[in-house]
Amino acid sequence: MTSSARPHLNRRLAEFGTTIFAEMSALAASTGAINLGQGFPDTDGPEQIREAAVRALRDGRGNQYPPGPGVPELRAAIAAHQLRRYGLSYDPDTEVLVTAGATEAIAAALLALLEPGDEVVALEPYYDSYAASIAMAGGRRVPVTLRPHAGAFRLDLDELRAAVTDRTRLLLINTPHNPTGTVLTREELAAVAELAVERDLLVVTDEVYEHLVFDDAEHTPLASFPGMRERTVTIGSAGKTYSFTGWKVGWVTGAPGLVAAVRSVKQYLTYVASGPFQYAVAEALALPDSYFTAFREDMRAKRDLLAAGLTDAGFEVFRTAGTYFITTDIRPLGETDGFAFCRSLPERAGVVAIPNAVFYDHREAGAPFVRFAFCKRTSVLEEAVGRLKALAG
């Protein structure tokens with residue numbers, strides 16, 4: 001007797017199948033559509049940083065297993081970056097951990113810090129790995145939904161407070177926020193910090209878009225607020241800031257006990273990764289402020305180009321204060337189902353987008369919203385805008 005009829009995927013992960021990103025990227029390839037779905041650039045980052053990776057390869061640095069916590073040069077560079085940008089002081093040896101991208105950092109942190117049955121309050125809509133990582137840890141996710149208000153998505157602090165119970169172990173915060181483009185204000189972050197301290201909660205904060213904030217928005221690390229450094233695991237990444245998403249170099253900073261806990265899990269996931277690239281990212285983190293300013297201004301111009309084109313095509317466009325992404329409402333186009341809309345868009349207009357409903361527990365709340373990525377060459381965005389005019393009749 002065989003067990004072939006028995007489900008192979010464990011119950012915790014039964015709700016998770018192939019990601020929408022794989023489906024939509026395959027649709028882009030099969031139709032020749034412009035892929036504004038998945039958030040990766042279509043150009044490489046700075047030449048000098050690429051050359052730093054090549055130099056590390058040629059010099060034999062990182063071609064074998066790097067140290068488990070990350071190469072010392074990168075850990076020191078991460079600590080220096082946090083001090084220079086935010087005034088946060090971390091010991092490179094005990095308070096910094098290099099990971100295989102931010103996605104591994106999220107998984108390792110949640111696996112390390114949660115017990116089965118613990119509740120995790122997360123801002124909905126959320127990056128899809130959050131839900132899967134919480135499930136793998138045996139936790140229970142409790143969404144607090146960011147809702148449209150005055151042209152953007154905002155956090156209801158009363159709803160956040162109400163979501164915290166005696167079973168809550170951890171807050172999972174993402175700012176700048178994917179997919180909505182919201183950047184939490186200093187006042188909102190102060191309220192989150194006050195709640196975490198009052199209820200003695202751990203916090204995992206995903207700040208991978210820290211250098212992609214626009215207009216008058218400001219990124220402030222949650223760990224910088226009173227009482228938060230000792231309870232916050234901060235996650236960063238090189239991929240989004242330097243346009244090397246394939247290198248998979250992320251990191252964790254936090255108090256020694258928290259970082260040690262995350263390291264205990266991380267060593268059984270990838271163990272180590274991205275050896276030569278770690279040396280290159282160490283150099284990237286030391287780039288002058290002019291690099292970050294120019295990068296941000298380039299992305300702001302691309303945001304504005306795509307936002308104007310989407311508005312002309314008939315979408316309601318929500319204001320993006322940070323990240324690679326613009327969220328739109330398709331109801332002005334006479335549509336209500338984001339999944340159906342995105343699956344038909346390649347044939348209708350030759351463009352691929354992502355239905356925001358995949359980022360919601362309550363799919364109906366995200367049904368009319370669709371996300372577009374603007375981290376592409378200007379010529380590609382101009383072509384996409386031209387194609388989307390077909391929706392306006």
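How many residues apart are R50 and E47 in helix α2, and what does that come to in helical turns? They are 3 residues apart, which puts about one helical turn between them. The model described here is predicted.

## Salt bridges within a helix

A search of the whole structure finds 26 salt bridges. One of them joins the side chains of R50 and E47, with 2.7 Å from N to O. Both residues belong to helix α2, which covers residues 47-58. R50 is partly exposed, with a relative accessible area of 30%. E47 is also partly exposed, and its value is 42%.

R161 and D158 form another salt bridge, with an N to O distance of 3.0 Å. This pair lies in helix α6, residues 157-163. The two residues are 3 apart, about one turn of the helix. R161 counts as partly exposed at 39% relative accessibility, whereas D158 counts as exposed at 55%.

## A salt bridge between separate parts

R186 forms a salt bridge with E218, and the closest N and O atoms are 3.2 Å apart. R186 lies in helix α7 (residues 186-198), while E218 sits in the loop between β8 (202-206) and β9 (232-237), so the salt bridge ties together parts that are 32 residues apart in sequence.

Are these two residues buried, partly exposed or exposed? R186 counts as partly exposed, with 42% relative accessibility. E218 counts as partly exposed too, with 47%.

## A network

Salt bridges can also be followed through a group of residues. D215, E297, R300, R303 and D304 are linked in a network of salt bridges.

## Cysteines and disulfides

A disulfide is a covalent bond between the sulfur atoms of two cysteines. How many disulfides does a search of the whole structure find? The search finds 0.

C342 and C375 show why a bond is missing between them: the cysteine sulfur closest to that of C342 is in C375, 16 Å away, which is too far for a bond. Taken from the other side, the sulfur closest to that of C375 is the one in C342, again at 16 Å. The cut-off for a disulfide is 2.5 Å between the sulfur atoms.

Both cysteines can also be described by their accessibility. C342 is buried, with a relative accessible area of 0%. C375 counts as buried as well, at 2% relative accessibility.

Note on methods: Residues are numbered from 1 along each chain as its sequence is written. This is a predicted model: local features need pLDDT of at least 70, side-chain atom pairs count only at pLDDT 80 or more; totals for chains, interfaces and linings use all residues. Side-chain values use heavy atoms; hydrogens and water are left out. A salt bridge is a side-chain nitrogen of Lys or Arg within 4 Å of a carboxyl oxygen of Asp or Glu. Helices (H or I, at least four residues) and strands (E, at least two) are DSSP runs, numbered from the N terminus. Buried means under 20% relative accessible area, exposed over 50%, partly exposed in between (1.4 Å probe, protein chains only).
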